[in-house]
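Here's a quick walk through the model, helices first and then the sheet. Have the structure open and follow along.

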Amino acid sequence: MGRTMIDEDERSDAVLFARLRALWRAEDPEPADLAERMIAAVAMEDVAREYTLLALLEPSMLAVVRGETDTATLQFGDGRTNVLLHVTATEDGSRRIDGWVDAEALAIRIAQGDREWTGAMEARGRFAFDAIPPGLSKLRLVVRGVDGEQHEFQSPQFEA
Amino acid sequence: MAQGVGAGSELAEPARWERAGSLFARWREGDGRAMDDLVRLMTPTLWHIVRAHGLDAALAQDVVQTTWLTLVRRHESIRDPQAVSGWLTTCARREAWRASSAHRRVEATEAEALEVRLPLHESAEQTATTQDASHRLWLAVERLDERCRRLLRIVAFEERPEYARIAADLAMPVGSIGPTRQRCLGKLRALLEDDGWGEP
């Protein structure tokens, strides 16, 4: 009898726990985009990979944003993946950097020395960074290639 | 099972920890997409375990992210890939505990004292419909004390709860977790019965 009682109790507990799970999933679900944001964070953190250095395609000399109304346009690429960057000086003296990448970008960051900023990804490969301090910067991105593999790229330093 | 909320089908699913283990093994062998799938599989579970600690949504997301980044940095310390699910939930509990103790101080004894009658949560009143069985279950859960609510949520989402670790993380004696779990389930059932709603 003891055996059966225990089994019954365990089953009854399991049913109640399953209902509790369903309840919490309904009442307090994780944010809809949480998993995708975690995938991006993991892609950036996975330091085992090596960055492929992108070449500066346009202009041939690194641009410097001087005045408040200036916008510099830079293009980087490795023959398959291309990144277009616009660097704009803002009124508060910081820089807005936005652009476009022609691949499925998982994550994108601007690095200045040890400091890093994560870019906001928008539709169709667009991305943007607000309020980046002026200074020597690198762009880092993780993309999913057509082969399904992850590829990591880093731009040469540019003056924002 | 008239009041069921999808329990039956869930019990038939292959174990999540096994799927997590094989995805983790594939990622270690160089399959980058397997990590994406592992993140998709385990993130909801981590969310519920972290939220059980009472963290607000923003902080909970930070803790979930810290858990994933910690996995990437320290994955070599996991000898058996099949252990990855338990490793993740343990890491999430510890990070949640750390974050919650940094942000607020609620003594467990005070929480026990609140047990008598908690005011109903506003969100529960807004979102739940009146005669629904899950609404009644929610009301009963809301009336549980903080410690019971936390423990039941953690145990509900851990497939293979390791009581020794949970005990340490909740600052409870190891031997008390099993009985506390049963006491909490008993309270929940009693609240449901008070409400005129029997167990299936």
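Let's start in chain B, where α2(B) and α3(B) are roughly antiparallel to each other. The model is a predicted one, and in it the axes of α2(B), residues 16-28, and α3(B), residues 32-51, come within 8 Å and cross at roughly 150°. Since the cut-off for roughly antiparallel is an angle over 145 degrees, that crossing at roughly 150° therefore earns the label. As for handedness, α2(B) and α3(B) cross in the left-handed sense.

Which residues make the contact between α2(B) and α3(B)? From α2(B) come Arg16(B), Arg19(B), Ala20(B), Leu23(B), Phe24(B), Arg26(B) and Trp27(B). On the α3(B) side you'll find Gly32(B), Ala34(B), Met35(B), Asp37(B), Leu38(B), Leu41(B), Met42(B) and Thr45(B). Sorted by character, the residues of this contact split into nine nonpolar, two polar and four charged.

Now follow α3(B) to its other partner here, α4(B), which covers residues 57-74. Their axes come within 10 Å and cross at roughly 135°, so α3(B) counts as oblique to α4(B). The crossing of α3(B) and α4(B) is right-handed. On α3(B), the residues that meet α4(B) include Met35(B), Leu38(B), Met42(B), Leu46(B) and Trp47(B); among those they meet on α4(B) are Ala60(B), Val64(B), Trp68(B) and Leu71(B). The tally for the contact of α3(B) with α4(B) is 14 nonpolar, three polar and one charged.

Here are the two helix pairs side by side:

| Helix pair | Axes come within | Crossing angle |
|---|---|---|
| α2(B) and α3(B) | 8 Å | roughly 150° |
| α3(B) and α4(B) | 10 Å | roughly 135° |

Over to chain A and its sheet. Six strands line up in the order β2-β3-β4-β5-β9-β8, forming an open sheet with antiparallel pairing. Which strands sit at the edges? They are β2 (55-58) and β8 (120-121) of chain A, each of which pairs on one side only.

At the β2(A) edge, three bridges join that strand to β3(A), residues 71-77, and the two run antiparallel. Ala55(A) stands opposite Gly77(A) in β3(A). Further along, β5(A) and β9(A), the latter spanning residues 126-132, are antiparallel and share five bridges. Gly99(A) has Phe127(A) of β9(A) opposite it.

At the other edge, β8(A) is joined to β9(A) by two bridges, again antiparallel. Ala120(A) has Ala128(A) in β9(A) as its bridge partner. The two strands β8(A) and β9(A) make a hairpin with four residues between them, and Arg124(A) in the turn has a positive phi of about 55°.

How far should you trust all this? The scores for the model are ipTM 0.75 and pTM 0.68. Chain A averages a pLDDT of 83, with 86% of the residues at 70 or above. Within chain A, confidence is highest in β5(A), residues 95-101, at 93, and lowest in β1(A), residues 52-53, at a mean of 78.

Chain B has a mean pLDDT of 78, and 75% of its residues reach 70 or more. Residues 1-11 of chain B stay under 50, and the model has 15 contacts for them beyond four places in sequence. Residues 105-122 of chain B are also below 50, with 19 contacts beyond near neighbours in sequence. Where pLDDT is low, the predicted coordinates should not be read in detail.

Technical notes. Residues are numbered from 1 along each chain as its sequence is written. Chains are lettered from A and ligands numbered from 1 in the order in which they are written. This is a predicted model: local features need pLDDT of at least 70, side-chain atom pairs count only at pLDDT 80 or more; totals for chains, interfaces and linings use all residues. Side-chain values use heavy atoms; hydrogens and water are left out. Axes are lines fitted to C-alpha atoms, for helices over the stretch in contact, and angles run from 0 to 180 degrees between N-to-C directions. Angles under 35 degrees count as roughly parallel, over 145 as roughly antiparallel, 65 to 115 as roughly perpendicular and the rest as oblique. A crossing is left-handed if the near helix is turned anticlockwise from the far one by less than a right angle, and right-handed if clockwise. Contact means heavy atoms within 4.5 Å. Ala, Val, Leu, Ile, Met, Phe, Trp, Tyr, Cys and Pro count as nonpolar, Asp, Glu, Lys and Arg as charged, and the others, Gly among them, as polar. Two strands pair if DSSP finds at least two bridges between them. pLDDT is the predictor's confidence in each residue, from 0 to 100.
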